[in-house]
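Student: Could you take me through how helix packing and residue exposure are read from a set of coordinates?

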Amino acid sequence: MEANRQETIKQDYQYCEEIIKHHSKSFYYAFSRLPKAKAQAIFAIYAFCRRADDSVDLVDTKEEQLLAVANLEKELSLFEQGHPIDHPIWRALADVFERYDMSVEPFYDQLTGQKMDIDFAEPKDLSELETYSYYVAGSVGLMLLPVLASKSHQDLTQLAINLGIAMQLTNILRDVGEDFQKIDRIYLPASELAAESYTKKELEQKIINANFIRIWEKIAQRAEYLYDDVQESFRYFDEDSRLPVKLSSAIYRGLLNAVRKNNYDCFTKRNYVSPLEMQRIYRSIK
C-alpha cells in the first residue's frame, strides 16, 4: 500500500514538474538545482499558481473567470480542512504541507490577486501597484519561503514579499505592450503617466520617448532596489537553497537589462534572458 502511495506521489510531482518546465524555463532552470525533495515542493507550489493563472486566462467572460476562481477557492478550502480533491496538484501539495511548515494564507492571497485581475483597475500610484504585486507575486514568495528557509531562525517574511514584488514589477515592465494590446491593461501607475504627460494614445502608438523611458526606469529602479535589498539576506536561506534563490533573482533582474538592450522596446519585441545568458549568470554567482 505504501509503495503504491509513493508511486502515486512520484507521478504527481512529475505532473507538476512538466507544468513549470512548459511555462517558466527561467524558474525551472533555477529551482531544478535544489535537492530533489525541495525542487518537487517548488514545482507543486508553482503548479498551483499556474492553475490559478489559467483559471482566469483560459476562459472568456468575467462571469466564467469569477466562477473558476471561486471553484479553486472551494478546492483550497477543502484542502485546508484536510479533504483535498483527487487531483495531482492537491495530492502533491498535501505532501508538501506534511514535509514543511507551510501556511495556507498566501494561497488565499494568490486567489485574491486573481480576483484583482478580473476586476482590474489601473493603479493610481506606485504604492497601489506594489499592493497588487504583493497579491499576485509576493504571496508566491511567502509560499516558497518555508521550503527555501526551512532551517532559518530569521524572520524572512518581508524579504520573500519584496522578492516577489520585484519580480512582478519586472514582469510588468517586460510586458507593457502585450498587456495593453492583448488584454487592454495599463499597469504603469496613472500618477507616473500624468507626471510625464505620457498619454494612452502614445501607448497605443507604441511611442518610446524620453517620457516613457523615465516612467519605465522609475519602476525598474524600484525593482532593482528590492533585488539589492534581498541580495544582502541570501545567507539566511538554507545553504542548499541559496544558489537557486540567487539565480532566479539574477535571471529575473536580467530581464530589465534585456529591455534596456532593446532600447526599451517592450511593445514589438519579446524580451527574455537567453539560455546562454542564464548560463553566464549561473557561472558568475556560483
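Tutor: We will go through two helix pairs and then two single residues, bearing in mind that this is a predicted model.

Student: At what angle do helix H3 and helix H5 pack, and how far apart are their axes?

Tutor: Helix H3, which covers residues 36-57, packs against helix H5, residues 88-99, at an angle of about 135 degrees, and their axes are 9 Å apart. That angle makes H3 oblique to H5, because an angle has to be over 145 degrees to count as roughly antiparallel. The crossing of these two helices, H3 and H5, is left-handed.

Student: Which residues of H3 and H5 meet?

Tutor: On the H3 side the contact is formed by Ala37, Gln40, Ala41, Ala44, Ile45, Ala47, Phe48 and Arg51, and these meet Ile89, Trp90, Ala92, Leu93, Val96 and Arg99 in H5. Sorted by character, the residues of this contact between H3 and H5 comprise 11 nonpolar, one polar and two charged.

Student: How are H8 and H12 oriented to each other, roughly parallel or roughly antiparallel?

Tutor: The angle between H8 and helix H12 (residues 210-231) is about 150 degrees, with the axes 9 Å apart, and H8 and H12 are therefore roughly antiparallel to each other. Their crossing, H8 with H12, is left-handed.

Student: What does H8 bring to its contact with H12, and what does it meet there?

Tutor: From H8 come Leu159, Asn162, Leu163, Ile165, Ala166, Met167, Leu169, Thr170 and Leu173, which meet Trp216, Ile219, Ala220, Arg222, Ala223, Leu226, Tyr227, Asp229 and Val230 in H12. The residues in this contact of H8 with H12 divide into 14 nonpolar, two polar and two charged.

Student: Turning to single residues, is Ser249 buried or exposed?

Tutor: Ser249, which lies in helix H13 (residues 242-261), has a relative accessible area of 4% and is therefore buried, since the cut-off for that word is under 20%. Leaving aside residues up to four places away in sequence, Ser249 touches Leu163, Met167, Tyr227 and Phe234.

Student: And where is Asp155, and is it buried or exposed?

Tutor: Asp155 sits in the loop between helix H7 (126-148) and helix H8 (157-174), and with a relative accessible area of 67% Asp155 is exposed. The side chains of Asp155 and Thr157 are joined by a polar contact of 2.7 Å.

Student: How far apart are Asp155 and Arg222, in sequence and in space?

Tutor: Asp155 and Arg222 are separated by 67 residues in sequence and by 23 Å in space, taken from C-alpha to C-alpha.

Notes:
Residues are numbered from 1 along each chain as its sequence is written. This is a predicted model: local features need pLDDT of at least 70, side-chain atom pairs count only at pLDDT 80 or more; totals for chains, interfaces and linings use all residues. Side-chain values use heavy atoms; hydrogens and water are left out. Axes are lines fitted to C-alpha atoms, for helices over the stretch in contact, and angles run from 0 to 180 degrees between N-to-C directions. Helices (H or I, at least four residues) and strands (E, at least two) are DSSP runs, numbered from the N terminus. Angles under 35 degrees count as roughly parallel, over 145 as roughly antiparallel, 65 to 115 as roughly perpendicular and the rest as oblique. A crossing is left-handed if the near helix is turned anticlockwise from the far one by less than a right angle, and right-handed if clockwise. Contact means heavy atoms within 4.5 Å. Ala, Val, Leu, Ile, Met, Phe, Trp, Tyr, Cys and Pro count as nonpolar, Asp, Glu, Lys and Arg as charged, and the others, Gly among them, as polar. Buried means under 20% relative accessible area, exposed over 50%, partly exposed in between (1.4 Å probe, protein chains only). A polar contact is a pair of N or O atoms within 3.5 Å; within protein, one must be able to donate a hydrogen and the other to accept it, and residues adjacent in sequence count only if both atoms are side-chain atoms.
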